[in-house]
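Okay, thanks for coming, everyone. Let me put the structure up on the screen, and then we'll walk through it together.

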Amino acid sequence: MTTMELHDTIERLTRERNAARAAIRDASRCEDCGAWATRYHSASARFACDSCAPGDGWADDPHAAALRAAMRAP
């Protein structure tokens, strides 16, 4: 692989990563405040952010770790 091919591959992967982060950000919203949802309540089938999901019955969304990482990303 040449240096130019490596550079092109890095650029492509960066674009794909950024698109995946954007999709995560756009698709996962808290039903109360609109922030990114990281928690769900199975009894009520509701999604919420960490701040709006206090109390019993809430669990991390299967993608909570990725959402929290995306929130910290630039």
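Let's jump straight into the sheet with one pair of residues: Arg39 has Asp60, in strand E3, as its bridge partner. Before I go further, keep in mind that what you're looking at is a predicted model.

So, zooming out from that pair. Arg39 belongs to strand E1, which covers residues 39-41, and E1 runs antiparallel to E3, with three bridges between the two strands. There's one more strand to add. In what order do the three strands sit in the sheet? The order is E2-E1-E3, the sheet is open, and the pairing is antiparallel. Strand E2 is residues 46-48 and strand E3 is residues 58-60; these two are at the edges with a single partner strand each, so each has one side without a neighbour in the sheet. As you go from one strand to the next, the twist averages 30°. As general background, strands of a sheet pair through backbone hydrogen bonds, and they can do that parallel or antiparallel.

Now the charges. In general, side chains of opposite charge can pair when their charged atoms come close. How many salt bridges does this structure hold? Six. I'll take you through a few.

Back to our opening pair. Asp60 and Arg39 also form a salt bridge, and their closest N and O atoms are 2.8 Å apart. Asp60 is in strand E3 and Arg39 is in strand E1, so this pair ties together parts of the chain that are 21 residues apart in sequence. Is Arg39 buried or exposed? Buried: its relative accessible area is 18%, and the cut-off for buried is under 20%. Asp60, on the other hand, is partly exposed at 38% relative accessibility.

Next one: Arg68 with Asp50, again with the closest N and O atoms 2.8 Å apart. Here Arg68 comes from helix H2, residues 64-72, while Asp50 sits in the loop between E2 and E3, so the salt bridge links parts 18 residues apart in sequence. Arg68 is partly exposed, at 23% relative accessible area, and Asp50 is partly exposed too, at 42%. And here's the bit I like: Arg39, Asp50, Asp60 and Arg68 are joined into one network by salt bridges that share partners.

Staying in that loop between E2 and E3 for a second, you'll also find Gly57 there. Gly57 is partly exposed, with 45% relative accessibility. Its C-alpha atom is 9.9 Å from that of Arg39, with their positions 18 residues apart along the chain.

Let's finish off strand E1. Tyr40 is in this strand, and at 30% relative accessibility it counts as partly exposed. If you want a sense of distance, the C-alpha atoms of Tyr40 and Asn18 are separated by 25 Å, and those two residues are 22 apart along the chain. Then comes His41, also in strand E1. His41 is buried, with a relative accessible area of 16%. What does the His41 side chain contact? It makes a polar contact with the side chain of Ser44, at 3.1 Å.

On to the loop between E1 and E2, where we find Ala45. Generally speaking, most residues other than glycine have a negative phi. Ala45 has a positive one, near 55°. Ala45 is also exposed, with 58% relative accessible area, since the cut-off for exposed is over 50%.

Last stop, helix H1. This helix spans residues 3-27, and Ile10 is part of it. Ile10 is partly exposed, at 48% relative accessibility. Together with Met1 and Leu6, Ile10 makes a nonpolar patch on the surface, and the three of them have about 350 Å² of accessible area together.

Helix H1 has a salt bridge as well: Glu16 and Arg12 meet through their side chains at 2.9 Å, N to O. Why about one helical turn between them? Because they are four residues apart in helix H1. Glu16 is partly exposed at 43% relative accessibility, and Arg12 is partly exposed at 37%.

So if you take one picture away, make it this: an open sheet in the order E2-E1-E3, plus a salt-bridge network of Arg39, Asp50, Asp60 and Arg68. That's me done, thanks.

Terms used:
Residues numbered from 1 in each chain as written. Predicted model: local features only at pLDDT ≥ 70, side-chain atom pairs only at ≥ 80, totals over all residues. Heavy atoms only, no water. Pairing = 2+ DSSP bridges. Axes fitted to C-alpha atoms, helices over the stretch in contact; angles between N-to-C directions. Patch = residues over 30% accessible without salt bridge, like charges linked within 9 Å, V, L, I, M, F, W, Y side chains within 5 Å. Areas by Shrake-Rupley, 256 points an atom, 1.4 Å probe, with all protein chains shown as cover. Salt bridge = Lys/Arg side-chain N within 4 Å of Asp/Glu carboxyl O. Buried < 20%, exposed > 50% of the residue type's maximum accessible area, 1.4 Å probe, protein only. Polar contact = N/O pair within 3.5 Å; in protein donor to acceptor, adjacent residues only side chain to side chain.
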